[in-house]
Amino acid sequence: MITLNYRDSRPIYEQIKDGIKRLVVTGAVAADEKLPSVRELASSLAINPNTIQRAYRELEQEGYVYTVAGKGSFAGSNHQIDTRRIDELLAAFDKSVAELRFLGISTEELCSRIHDPKEGE
């Protein structure tokens, strides 16, 4: 389900968040599907349950996960994720575009990158 890279500079909870996000976005975990409990995931990854709890809490704030008291955590629906996440990503996009324009990247270059993102790789 989720793999951790202890050589990665990102904190463990961020790696867990990214792993769960990837599973939800790709459809590997369906909307409203129950996620492993904090204890189950902490045990399977051999890490502190507080780390899992922090990742779940942040995922819930972002709309990727929701919690039902006494039942557990579940994958959020596309609608829950989309509205919050789109706003966050567009704000980050606007900041990046402003900086790229300041650094001399033309509007045409940015537009071609949007139309074919693999072109820049």
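**View 1. Arginine 10, with a relative accessible area of 30%, is partly exposed and is paired with aspartate 8.** The model shown is predicted, so local features are described only at pLDDT of at least 70 and side-chain atom pairs only at pLDDT 80 or more, whereas totals for chains, interfaces and linings use all residues. Residues are numbered from 1 along each chain as its sequence is written, and side-chain values use heavy atoms, without hydrogens or water. Arginine 10 and aspartate 8 form a salt bridge in which the closest N and O atoms are 2.8 Å apart (a side-chain nitrogen of Lys or Arg within 4 Å of a carboxyl oxygen of Asp or Glu). Aspartate 8, at 23% relative accessibility, likewise counts as partly exposed (buried is under 20% relative accessible area, exposed over 50%, partly exposed in between; 1.4 Å probe, protein chains only). In the whole structure, a search finds six salt bridges.

**View 2. Glutamate 58 and lysine 17 are joined by a salt bridge.** The closest N and O atoms of glutamate 58 and lysine 17 are 2.9 Å apart. This pair links distant parts of the chain, since lysine 17 belongs to helix H1 (residues 12-25) and glutamate 58 to helix H3, 41 residues apart (helices are DSSP runs of H or I with at least four residues, numbered from the N terminus). Both partners, glutamate 58 and lysine 17, are buried.

**View 3. Lysine 21 and glutamate 62 meet through their side chains in a salt bridge, with an N to O distance of 2.9 Å.** Here too the pair links distant parts of the chain, with lysine 21 in helix H1 and glutamate 62 in helix H3, 41 residues apart. Lysine 21 is buried, its relative accessible area being 13%, and glutamate 62 is also buried, at 12%. Through salt bridges that share partners, Lys17, Lys21, Arg54, Glu58 and Glu62 are joined into one network. The side chain of glutamate 62 also makes a polar contact of 3.0 Å with the side chain of lysine 17 (N or O atoms within 3.5 Å, one able to donate a hydrogen and the other to accept it; residues adjacent in sequence count only if both atoms are side-chain atoms).

**View 4. Helix H3 (residues 49-62) has the length expected for its 14 residues.** At 1.5 Å a residue, H3 should span 20 Å, and its end C-alpha atoms are indeed 20 Å apart (the expected span is 1.5 Å times one less than the number of residues). The residues of H3 that are buried are Ile52, Ala55, Tyr56, Glu58, Leu59 and Glu62. Seen down the axis of H3, these buried residues fall within an arc of 165°, so they line one face of the helix (the arc is that of the directions from the axis to the C-beta atoms). The face turned away from this buried side carries Asn50 and Gln61, which are exposed.

**View 5. The two ends of H3 are framed by asparagine 48 and glycine 63.** At the start of H3, a side-chain oxygen of asparagine 48 comes to within 2.7 Å of the backbone nitrogen of asparagine 50. Glycine 63, which follows H3, has a positive phi, near 90°.

**View 6. Helix H2 (38-45) has buried residues on one side and exposed residues on the other.** Val38, Leu41, Ala42 and Leu45 are the buried residues of H2. They cover an arc of only 100° around the axis, which puts them on the same side of H2. Arg39, Glu40, Ser43 and Ser44, on the other side of H2, are exposed.

**View 7. Aspartate 32 and alanine 46 are non-glycine residues with positive phi.** Aspartate 32, with phi of about 70°, lies in the loop between H1 and H2 and, at 47% relative accessibility, counts as partly exposed. Alanine 46, with phi near 55°, is found in the loop between H2 and H3; at 66% relative accessibility, alanine 46 counts as exposed.

**View 8. Ile86, Leu90, Phe93 and Ile114 make a nonpolar surface patch of about 370 Å².** Patch residues have over 30% relative accessible area and no salt bridge, with nonpolar side chains (Val, Leu, Ile, Met, Phe, Trp, Tyr) joined within 5 Å and like charges within 9 Å; areas are from the Shrake-Rupley method with a 1.4 Å probe, only the protein chains shown counting as cover for residues. Helix H4 (residues 78-102) supplies the largest share of this nonpolar patch, three residues, while isoleucine 114 is found in helix H5 (residues 107-115).
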